[in-house]
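Trainee: Could you take me through one part of this structure in detail? I'd like to see how it fits with what surrounds it.

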Amino acid sequence: MKYEVYTEIEVTEDFGIFDFISTGKNGEVQKRVAFTKTEQDKVYNLALGDVDEDNEINDYAVTDNGDRNKVIATVAAIVEAYTKRFPDRWIIFRGSTVERTRLYRIAVSLHLDELSDQYEIKAYVDDEVVSFVKDMKINAFLIKRKKS
Amino acid sequence: MKQAIKHKSELTGSEITFTVSEKLNKLKGKVLAPKKLADANKLLRKLKTPLPK
């Protein structure tokens, strides 16, 4: 996955919130990735969105800044760094819309072989967790760093 | 001086600099994207089988 990424990222000291600036045809847009503890032990929710005027994540924003692949690759790199620090945590993520979940599914499917070297990749389907296979229709992804 | 953490991404081949931000630190403990979190919790509650350890 040799995509360009945003290389300057701000972070909280607990490695839970990451901010970077998307630069594209609509100018500069502040993006935020946050990992939040869920009700299940060692499962953290990943949220991605634009930072709005109230300093909140707007995960329904349509930025259309022409840098979609760069943003997704940057998020992949953030997940990589996060799971290196917290290898025992599961990350659950899904798009805020059906179309975005589909986009994530396509991105993971395209790079499934190299991603599978690093992660256990599971899919949430019909209230079950199963191993993800290419182009499987899913409700959400659950990933965890493989034990080295 | 700001704390910076270098990360060499195996997936993308890039080196990324994570800089600890005092401004972001103020958000620690705040629930971000609460609707997304609620959706995730809803899915996890319905899970019929536990996640592998």
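Trainee: How many residues does helix 1 of chain A have, and how far does helix 1 reach from its first C-alpha to its last?

Mentor: Happy to! First, some ground rules: this is a predicted model, where local features need pLDDT of at least 70 and side-chain atom pairs count only at pLDDT 80 or more, while totals for chains, interfaces and linings use all residues. Residues are numbered from 1 along each chain as its sequence is written, with chains lettered from A and ligands numbered from 1 in the order in which they are written.

Helix 1 of chain A has 18 residues and reaches 26 Å from its first C-alpha to its last. That is close to the 26 Å expected at 1.5 Å a residue, where the expected span is 1.5 Å times one less than the number of residues. Helices here are DSSP runs of H or I with at least four residues, and strands are runs of E with at least two, numbered from the N terminus.

Now look at burial: a residue is buried if 20 or more other C-beta atoms lie within 10 Å of its own, exposed if 12 or fewer, and partly exposed in between, with C-beta atoms placed from the backbone. The buried residues of helix 1 of chain A include A:Val71, A:Ala77, A:Ile78, A:Glu80 and A:Tyr82.

This ties the helix to the largest nonpolar core, which has 48 residues. A nonpolar core is a set of buried Ala, Val, Leu, Ile, Met, Phe, Trp, Tyr and Cys residues joined through C-beta atoms within 7 Å. Helix 1 of chain A supplies the largest share of this core, 9 residues. Among the residues with the most contacts inside the core are A:Ala77 and A:Ile78 from the list above, along with A:Ile9 and A:Leu142.

The helix also matters for the meeting of the two chains: 42 residues of chain A are in contact with 32 residues of chain B, contact meaning C-beta atoms, placed from the backbone, within 7 Å. Helix 1 of chain A gives the most to the side of chain A that touches chain B, with 5 residues.

Two of those core residues lead on to chain B. A:Leu142 is in contact with B:Leu51, as well as with A:Trp90 and A:Ile92 among others. A:Ile9 stands opposite B:Phe18 in strand 2 of chain B. There, strand 1 of chain A and strand 2 of chain B pair in the parallel sense over 4 bridges, pairing requiring at least two DSSP bridges.

Finally, helix 2 of chain B has its own buried residues, B:Lys36, B:Leu37, B:Ala40 and B:Leu44. These pack against strand 3, strand 4 and strand 6 of chain A.

How values were computed: Lists of a residue's contacts leave out its neighbours within four places in sequence.
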